[in-house]
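These are my notes from a session with one model. I took the sheets, a pocket and a few single residues in turn.

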Amino acid sequence: MTVTREYPDVKDVTVSLEDGVLSVTLNRPDSLNSLTQNMLVAIADAMDLAATDAGVRVVRLGGAGRGFSSGAGLSEEDQNAKSHDAAGVLDAANRAVASIVALPKPVVAAVQGPAAGVGVSLVLACDVVLASEAAFFLLAFTKIGLMPDGGASALVAANIGRIRAMRLALLADRLTATDAYDWGLISAVYPADEFDAAVDKIIAKLRSGPAVALHETKQAVNGATLTELEGAFAREREGQLKLLASKDFREGIQAFQQNRRPEFTDS
């Protein structure tokens, strides 16, 4: 018997179920879908509900507007909210990523534009990552005196190896969708005008596939390749909380908000 649960929308995240496809859409396009704690909790809640809903065959994770997500919000308003519970935001990000990885159903990331910061972690937690040629990927943490989080230190390295992961994390350079595909970071890249149709085709194939076999396959591959994910969550949480209290982070945020180059002094 098909069980269909209630998937309520929350502020800035839209959730809908149709024909076996659960669509979870980051819906804060004015800030390029920058992520708040409540948004991360909503993603995890949707995944947890979908895990035991026989009416869900596949999940589509995407962003409204021109991009997937710019990562954690860096505006003064977002940072003031985050400062009240920095550990809570980190925990919510880790829970969201873990819930995607643990979901016994395939999750497809649809990346039509920029994915940055913890947005990259959400993307790489998914099982199939499809990108438009207009997309790019950016671990911008060191630009504001932080380190990658949301399991990125494990997720990126699991896909492309240590040296390339270090390049992305330390240098904080943009990686185009084409290069991301060539490196093995994502599953496929399509011309922008063919992207939506390509995503629909892949999702339809997964929706009609053998659910149990897909679950066992996902579990086996993740079990073999993401052995360090839990450790990454713990290491990143410890390191990031230290960095969030640092002078370099305060300088990085001020420089970003003032549109200038930061002058880091911590050593």
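Entry 1, the small sheet. I started at a single bridge pair: A116 stands opposite L138 in β7. The model is a predicted one, and I keep that in mind for every entry below. I then looked up the two strands behind this pair. Strand β7 covers residues 136-138, and β5 pairs with β7 in the parallel sense over 2 bridges. Next I asked which sheet they belong to. They are part of an open sheet of 3 strands, in the order β5-β7-β8, and its pairing is mixed. The edges are β5 (115-116) and β8 (175-176). Each has a single partner strand, so one side of each is left without a neighbour in the sheet.

Entry 2, the 6-stranded sheet. I wrote down the strand order as β1-β2-β3-β4-β6-β9. This sheet is open as well, with mixed pairing. I looked up its edge strands and found β1 (13-18) and β9 (188-190), each of which pairs on one side only. From one strand to the next, the twist averages 20°.

Entry 3, strand β6 and its partners. I went through the pairings of β6 on either hand. Strand β4 (residues 107-111) is joined to β6 by 4 bridges, and the two run parallel. Within that pairing I noted A110, whose bridge partner in β6 is L130. With β9, strand β6 shares 3 bridges, and these two strands also run parallel. I recorded two residue pairs here: A131 stands opposite V189 in β9, and S132 stands opposite Y190 in β9.

Is β6 covered or open to solvent? I checked burial and found the strand mostly covered, with 5 of its 5 residues buried. I then split the residues by face. V128, L130 and S132 lie on one side, V129 and A131 on the other, and all are buried, which leaves both faces of β6 covered. The split follows the usual rule that side chains in a regular strand alternate between the two faces of the sheet.

Entry 4, the second largest pocket. I read off a volume of about 450 Å³. Which residues are closest to its centre? Of the 23 residues in the lining, they are C126, D127, V128, V221 and N222. The elements that give two or more residues to this lining are α4 (118-125), β6 (128-132), α5 (152-160) and α9 (211-225). I noted that β6 comes up again here, as one of these elements. The largest share comes from α9, with 6 residues. I also sorted the lining by class, which gave 15 nonpolar, 6 polar and 2 charged residues.

Entry 5, backbone angles. I looked for positive phi values outside glycine. Most residues other than glycine have a negative phi, so I wrote down two exceptions. D19 has a positive phi of about 50° and is not a glycine. I placed D19 in the loop between β1 and β2 (21-26). Its relative accessible area is 60%, so D19 counts as exposed; the cut-off for exposed is over 50%.

The second exception is N259, with a positive phi of about 55°, again not a glycine. N259 is found in the segment after α11 (247-258). With 71% relative accessibility, N259 is exposed.

Entry 6, Q240. Is this residue buried or exposed? I found Q240 in helix α10 (residues 229-244). Q240 counts as buried because its relative accessibility is 1%, and buried means under 20%. I then listed what Q240 touches, leaving out residues up to four places away in sequence: L90, F141, L146, M147, P148 and D149.

Entry 7, a distance across the chain. I picked E6, which is found in the segment before β1. E6 is exposed, at a relative accessible area of 69%. How far apart are E6 and N259 in space? From C-alpha to C-alpha I have 43 Å, and in sequence the two are 253 residues apart. I closed the notebook there.

How values were computed. Residues are numbered from 1 along each chain as its sequence is written. This is a predicted model: local features need pLDDT of at least 70, side-chain atom pairs count only at pLDDT 80 or more; totals for chains, interfaces and linings use all residues. Side-chain values use heavy atoms; hydrogens and water are left out. On a 1 Å grid over the protein atoms alone, a cavity is a set of points where a 1.4 Å probe fits but cannot get out, and a pocket is an open set with protein on both sides within 12 Å along at least five of seven lines; lining residues have an atom within 4 Å of a point. Grid points are joined across faces, edges and corners, and a volume is the space filled by probe spheres set on the points. Ala, Val, Leu, Ile, Met, Phe, Trp, Tyr, Cys and Pro count as nonpolar, Asp, Glu, Lys and Arg as charged, and the others, Gly among them, as polar. Two strands pair if DSSP finds at least two bridges between them. Axes are lines fitted to C-alpha atoms, for helices over the stretch in contact, and angles run from 0 to 180 degrees between N-to-C directions. Buried means under 20% relative accessible area, exposed over 50%, partly exposed in between (1.4 Å probe, protein chains only). Contact means heavy atoms within 4.5 Å.
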